[in-house]
Every structure is written in structure tokens, then in C-alpha cells.
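Trainee: Please take a close look at one part of this model with me. Short steps would help.

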Amino acid sequence: MTRLVMMLVLLLASLWLSLMAGAVWYGPSTVGHALLSASPTDVQGLVIRTTRVPRTLVALVAGACLAVAGGVMQTLTRNPLASPGLLGVNAGALFVMVMLVSLWPGAGVSLWYGGAFAGAALAALLVWAVAMRGQASGGPLKLVLAGAAITALFTSFSQAMLVIDQQGLDTVLFWLAGSVAGRPLAEVTPLMGVALVALFACRPLARSMNVLAAGEAIARGVGVGVARLQLLMVVLVILLAGSSVAMAGNIAFVGLIVPHIARRLLPVDHRIWLAGCALMGATLLLLADVIGRTVILPREIPIGVMTALIGAPLFITLVRRQGGGHGRA
Amino acid sequence: MATVSARALTLGYQHQRILDELDVVLPERQISVLVGSNGCGKSTLLKALARLLSPWSGEVCLNGVDIQTRPTREVARLLSLLPQHPVAPEGMTVRQLVSLGRYPHQSWINQWSREDARQVERALTRTGLVDMAERGVDSLSGGQRQRAWIAMAVAQDTPLMLLDEPTSFLDLTHQMEVLDLLRDLNRQEGKTVVMVLHDLNLACRYADHMVAVCRGRVHIQGTPSEVVTREQVKEVFGLSCRIIQDPFFHTPLCIPFGRDAPP
């Protein structure tokens, strides 16, 4: 519990830092002032409210979503490599959204966002269908291979859209590289609503997930409605991954790494562990964004690139220390 | 109280029929052991009794009611199951594992009661795991780990316990330890125990009631001395043997011949 509080403190600090940092650094008092009073003549306040607050909120929610989606998927599949990035859910969401943007640019954001959820669901369905067929169905290796194949497929489709659609290049690139910048708050508010509902919906399922983590037979033996629980978990993953992709595009590694770190630091109780995933995922994305927008001024490193830069070494360290992953694998 | 029985039970996987109109009644407050050769359907039968598999036809009855029609949580308060080779989540402590057994007794409103804590404590004491309660399940030896899983079933506090090969992969000492524990639970608390065992001689020692499954049907059932005879071992296992009486415990003792000619 103390660790959870420390994670919360760290998150709040990163949140504040994210409001302060940028091409121009603002002091804590300027930030505080900008948040509390909305004076139209105050240029600094305007910058903070219209650019830094939205990107901070997007990083916060998208980070929490990806990490929790990863955690839920790892329990659902009992596979330590499960994450919305590796199993193709993000790639599916990205592809359908990018396709709609390219083929139907006038459709407006709500349709594009709907596409993200549909794409996430489509990819989840495909991975499941491939992994469950034939020999060793549902085995850990098969699932990851199916996920890798679906990810590659959808990613190349998305990249093909770049060639087809030269005008929409910027929008498509924005989502492909992953970014939390430049999203008007009004545009992402509905997505945040969906994301928050999905995040809090994990709480009532946490106790059942604790049992499911010990295996399907055990869970059914103590009276968990396993099929219903698994379906709910898949729906949660689709909502979480879909809304994070729609908000911030393709962001790698958060959904994979954060659940592992949280597992090292917290007890294996989904009520605490998933809360820790949410806090740490949000913190990681906030910090990645702060670094991304300050190190090569006046340009920015897209957040998707930053998380890969931070995530890859972390993941290698984890794998090396564990000698190949996870007790359950 | 809880009695479990199967009536004309037929089921299988995909297109392969495993159980074929099988009938069996497991006696209450006794230790029943299912025996049979590999692939005869005894594990499948146990899973069907625990409502993990749904029958093609026929039914499994718990206290006279079709188990598939009862709410799963209600069944879980009457019947606990220890599957083959369960794997605990990494980093889970013994106490956390045992606490999972309280799931069917909890609800939305009543998340963790004093009764839950009491039952977990009792299960730990009963299985001799109090000193190891805070240790990780992965750090335990095979025998201790199996006791932790049994403790989870004990915490579930059901009159009926089903166990699928609870002694596999344990050395002889720990096999005996697990079986002694199950017998204590049966004798002292009146629990009905139904389990699959591979070792015929241990089965004879611990079973009150023995069910020999062969080709998806009950070949014969009764006390160990009724079931384990030279002819029936030949029929059920396809094994030549002699049966003598255990000089200390007076249960049947099977001496397998294999390829060696009988002396």
C-alpha cells in the first residue's frame, strides 16, 4: 500500500513537471496561476491551458490505459508476453483508423475513433482465431506468434496508406509515430470518458481475475463464470487499447513493460496490481513526453519513439534478469 | 451434506467419445478412488463430476439435482476441485493462494469477512502450513506446494472434495503425507473425498470405495478387496499380476509381473 502511495506521488510530480516543461519552462507559480484563473490576456496561461494541459491529460490517460490493458491481457492469456502492442490490438486499431482517415477524410473524428475500437476488436478476434486453431491451441508460443503476424500485417497495411494518401500524410504519420501533442481537448474528451469507464470497470472484476490467474480449472472450481469473465476482459482490453490508440496513436512497450515492473513491486492482487499499472503507465508516458519535447529543441521526438527508446533497454534487462521471462510461461 | 452421482453419462472431446453411458454413485463421507489405465476416462469422469465438462447426454447430479443447471457459485460451496498440476501465479504467497478458496463465499457487498479469515487460518493449520504462510508458492517443495493447493480446497469449506491425481510427481514420502492429510479430513471432518490415483497399492490402502474405469464405463466398483483381484486387474489394466494381502494393513497388494514370467 505504501508503494502504491509512492507511485501516486510520483505520478503527481510528473504531472506537474509535464505542465512546466517545454520549449519555454514555466515556474510552478505560473502553472498554478494559469490553472486557477483563465485570463484571456495572460499569454503564458493560454499556452499552458491550450497546449500543455491537453497533452498532459492525453499522456496520463493513454499511459494508464495501455498499462492496464497489458495487465488484463497477461492475466487473460496467462502469458507474460501478452500486451496490446505485441498481440496486434494496437496495430488493428491503428490500421482501421488510418484507413478511414485516408479514404474518407471528411468523415470527422468520431467515425475515425469508432474505427479504432472496431480495429482493436477485429485484431483481437483474428489473433484469437489463429491462436485457437489446430495443434497446441492457445499455447503461449502460438499466441505470441499469431500476435506478431497480425501486428506485421496491420502495420504494413497502415504504411501502405501513407503511399496511397499523400495529402493526409501528416495525420497518418502522427498516429503511426505516436504522439500526445496537438489534440484539442474537446476532441479527445469522449475518448477519455470511455477510457476512464473502462479503467474503473476493472475494479469489480479484480477479485475474479485473481482466481483466473491461478488457472481456468481452479477458477471454475471456485465458482467463477470463466467464459463471461474472459469476454468482459476482452471488451475492456478493446476499449482501453482502442481509446489509447485513438488519442495518441501507436505507442510501444508501455503495455508490456509496466505490468512486469508493477509485478516486481506490488503484491499479486489485481486490486492493487492493476492500480499500480495505471499509475506507473501514466507516469512513464508523462515522463517520456517531457523528455521527448525538451531534448532536441526546437523539434520534438514523438512519444512513440521515446517509449521504445526507454522500453527496449528496460525489457532486455527484465528478460536477462529472469532468464527468459516468467515462471508461468 | 453432498452426494454426487452420474447417470448414463456420455461425453468426449471433439468427435471422440470418452465416457459411454457411465453410471456411478459415490458414497457419502467416504474416500472413493477412481482407478484405470491411461486414457480410460477416469480424469474425464472427475472433470465431469466437477461440472468442468458438459455431458453429451446423461447427467451428473449433486444432491439429486443436475449439476449443469445449478449456479456455479452455489456448486462451489458444496464441491471443491484440485485439478492436475495447477500452477500458481508468480510471486503469490501461500496465504494468498489459500484465500482464493474463499471466492464462492464472498460477494459484492461482503468482500472479506471474519469467517473468511478464520477459514483460511484453519486451512493453514490443518495442512501444517502456518509457518510457511507468507512464503511464495514457487519457493516451496513439491509436497508443500501440493499441501498449499489442498489447503485452498480446505478453505473453500465444502463437504465434497474432488482431486485429480493429487500425488503425481511427488516422492513416496510426500505421496503418503498428502494421502494421510486427505484421510484425516475424511475421518475427522466427514468430508467426501473422490480422487484419481495411479498407484494401485496406495489406492487400496486409502480407499473405502474403489471404482475401476475401463473403456469409458465402470468396470467394477466396491471395496478394494472386491475390485483388486487378479482377473480384474488383467481386464482393467491388461496386466498380469498376483494379489497378496498386505501383511500389515490387510489390504490387497498387487505384484505386477510385466514381461517376467510368474515364478
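Mentor: Leu36(A) sits in helix H2 (residues 28–36) of chain A; a helix is a DSSP run of H or I, at least four residues long, numbered from the N terminus. The model is predicted: local features need pLDDT of at least 70, side-chain atom pairs need 80 or more, and totals for chains, interfaces and linings use all residues. Residues count from 1 along each chain as its sequence is written, chains are lettered from A and ligands numbered from 1 in the order written, and side-chain values use heavy atoms, without hydrogens or water.

Leu36(A) is exposed, at 79% relative accessible area. Exposed means over 50%, buried under 20%, and partly exposed in between, with a 1.4 Å probe and protein chains only.

Leu36(A) also joins Trp16(A) and Leu35(A) in a nonpolar surface patch, with about 340 Å² of accessible area together. Such areas come from the Shrake-Rupley method with a 1.4 Å probe, and only the protein chains shown count as cover. Patch residues have over 30% relative accessible area and no salt bridge; nonpolar side chains are joined within 5 Å, like charges within 9 Å. A salt bridge puts a side-chain nitrogen of Lys or Arg within 4 Å of a carboxyl oxygen of Asp or Glu.

Now turn to helix H11 (residues 254–265) of chain A. Nine of the 12 residues of H11(A) are buried, so the rest of the structure largely encloses H11(A). Among the buried ones are Val254(A), Leu256(A), His260(A) and Arg263(A). The 12 residues of H11(A) should span 16 Å, and the end C-alpha atoms are 16 Å apart, which agrees. The expected span is 1.5 Å times one less than the number of residues.

Conventions: Helix = DSSP H or I, 4+ residues; strand = E, 2+ residues; numbered from the N terminus.
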